[in-house]
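Take a look at the chain below. Turn it slowly before you read on.

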Amino acid sequence: MTFFEATCTAPVNIAVVKYWGKRDTTLILPTNSSLSVTLSQDQLHSKTTIRASADFEAQGGDRLWLNGIEESIQSNKRLVACLRETRAQRKAMEQADPALPKIHSWAVHICSENNFPTAAGLASSASGYACLVYTLAKLYQLPLNASDLSMVARQGSGSACRSLFGGFVAWEMGTRDDGLDSRAVQIAPETHWPDLQALICVVSDAKKGTSSTEGMQHTVKTSPLLQHRIKEVVPQRMKDMIAAIHAKDFPRFAELTMQDSNQFHAVCLDTYPPIFYMNDISRAIIRIITEYNRTGIKAAYTYDAGPNAVIYAPKENMPEIYALLNHYFPGAVFDDQLGLRNDPRAVAANPLPEGFDPKVSPVFAEGAVRRIMHTKADDGPRTLVGEQDSLLNAEGMPK
Ligand code: DP6
């Protein structure tokens, strides 16, 4: 079998200035710019192998497996768009250089998986589409930089465009109708602020919420507050956030992050009928972090389109924050890959910092927060080169 293959991983990102609303739902062009932090792939990533082979056409054409289950490609318009775009780029290269093998017309087998359980309730579309597009670019050897690729990934899922970079990443909304100026740019690499860490709190939630894609268009159609956010708030907030990141000014970064999360959930409430993403546990975490910050800002919470909290804080505050969360939310499984529990402050007999008002929240029943993951700002997509890294076997089927 003659084939070409690439295997890559891509990270998740958590926005500190939220993307919410599209001005073009096909090209996925947003109504405001946004900014995120890329989190370490050591804890959370998508991994994708793509093989192109002249033999695949006779075996059913393009095929896709997600977390071990075969899915239809044709019914997924966003995936089709990413494939179409990268194949067109490859075709142009082949036309310019006749010596190149004509692999753009070969069918592909795509196999992708996340290293975190989908049941954890963590969004995987950002890392998934970033990984798909990055792997396609490697397979086709496209001479494109991460910002160019972000414009393709954006058409898979808006937030995916920011996962093409590590560190601190802005998605500039752009103004053109063709989307050629709506792309991700790196504000600062992960090495700029190695001290910044995150705790992801997976909150127990029985009901399935409104998807981001669906929810944000209801907001665009019905929320007057969103118009205020787009015009009056986000442009200045983007500038302030970039300045705070460049200055490594944690209190300012934290304040802007919390304000932006609050406003995002306010526009959800202003949507008619309203959308609720946070629950009682999410709100208790807000009260706990607010009390913790009463004497000086030491942590920032942020929430996406679901009840899970992400807490950003400098490394030195993490043991204290973990102890606090563990006190109010006993029984959470703790993914301690960075060795936080080795710090005596994380397991102190008195988990509340001095002066902390214990009455800000009740102590919840076991499992209200199901899992806590400790992670940090880190790098962008990685290419894996070992044969053992491939997700496909010799026949081009999932291993
Ligand atoms: C709340 O990128 O999932 O996480 O573009 O429709 O795929 P689509 O939406 P998606 O929306 C993410 C929204 C958010 C905020 C953010 O990540 O900026």
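The paragraphs below go from the domains to the ligand, then to a sheet and one residue.

Keep in mind that this is a predicted model. The domain assignment splits the protein in two. Domain 1 covers 3–190 + 383–389. Domain 2 covers 196–376. Their centres, taken over C-alpha atoms, are 28 Å apart.

Now look at where the two domains meet. Here 25 residues of domain 1 are in contact with 32 residues of domain 2. Which elements give two or more residues to the side of domain 1 that touches domain 2? They are β2 (13–17), β10 (168–172) and β11 (183–188). With three residues, β2 gives the most to this side. Sorted by class, this side of domain 1 holds 14 nonpolar, eight polar and three charged residues.

Next, find the ligand. It is surrounded by 14 residues. The closest are Ala15, Tyr19, Ser157, Gly158 and Ser159. The shell around the ligand has five nonpolar, seven polar and two charged residues. Why does the ligand lie between domain 1 and domain 2? Because both domains give residues to the shell around it.

Go back to β2, and follow it into its sheet. The sheet is open and has four strands, in the order β2-β5-β10-β11. The pairing is antiparallel. In general, strands of a sheet pair through backbone hydrogen bonds, either parallel or antiparallel. β2 and β11 stand at the edges of this sheet. Each has a single partner strand, so one side of each is left without a neighbour in the sheet. On average, neighbouring strands here are turned by 35° against each other, direction ignored.

Take one pair from this sheet. β2 pairs with strand β5 (residues 34–38) over four bridges, in the antiparallel sense. Within it, Asn13 stands opposite Thr38 in β5. Then look for helix α5 (residues 224–246), which lies across β2, β5, β10 and β11. Helix α5 runs at about 115° to β2.

Last, pick out Met151. It is found in helix α3 (residues 146–153). Is Met151 buried or exposed? Met151 has 22 other C-beta atoms within 10 Å. A residue counts as buried at 20 or more, so Met151 is buried. Which residues does Met151 touch, not counting those up to four places away in sequence? They are Gly179, Ser182 and Arg183. Met151 and Gly179 are 28 residues apart in sequence. In space, C-alpha to C-alpha, Met151 and Gly179 are 7.7 Å apart.

Methods. Residues numbered from 1 in each chain as written. Predicted model: local features only at pLDDT ≥ 70, side-chain atom pairs only at ≥ 80, totals over all residues. Domains from an automatic or database assignment. Contact = placed C-beta atoms within 7 Å. Nonpolar A, V, L, I, M, F, W, Y, C, P; charged D, E, K, R; others polar. Near = placed C-beta within 6 Å. Pairing = 2+ DSSP bridges. Axes fitted to C-alpha atoms, helices over the stretch in contact; angles between N-to-C directions. Buried ≥ 20, exposed ≤ 12 C-beta atoms within 10 Å, placed from the backbone.
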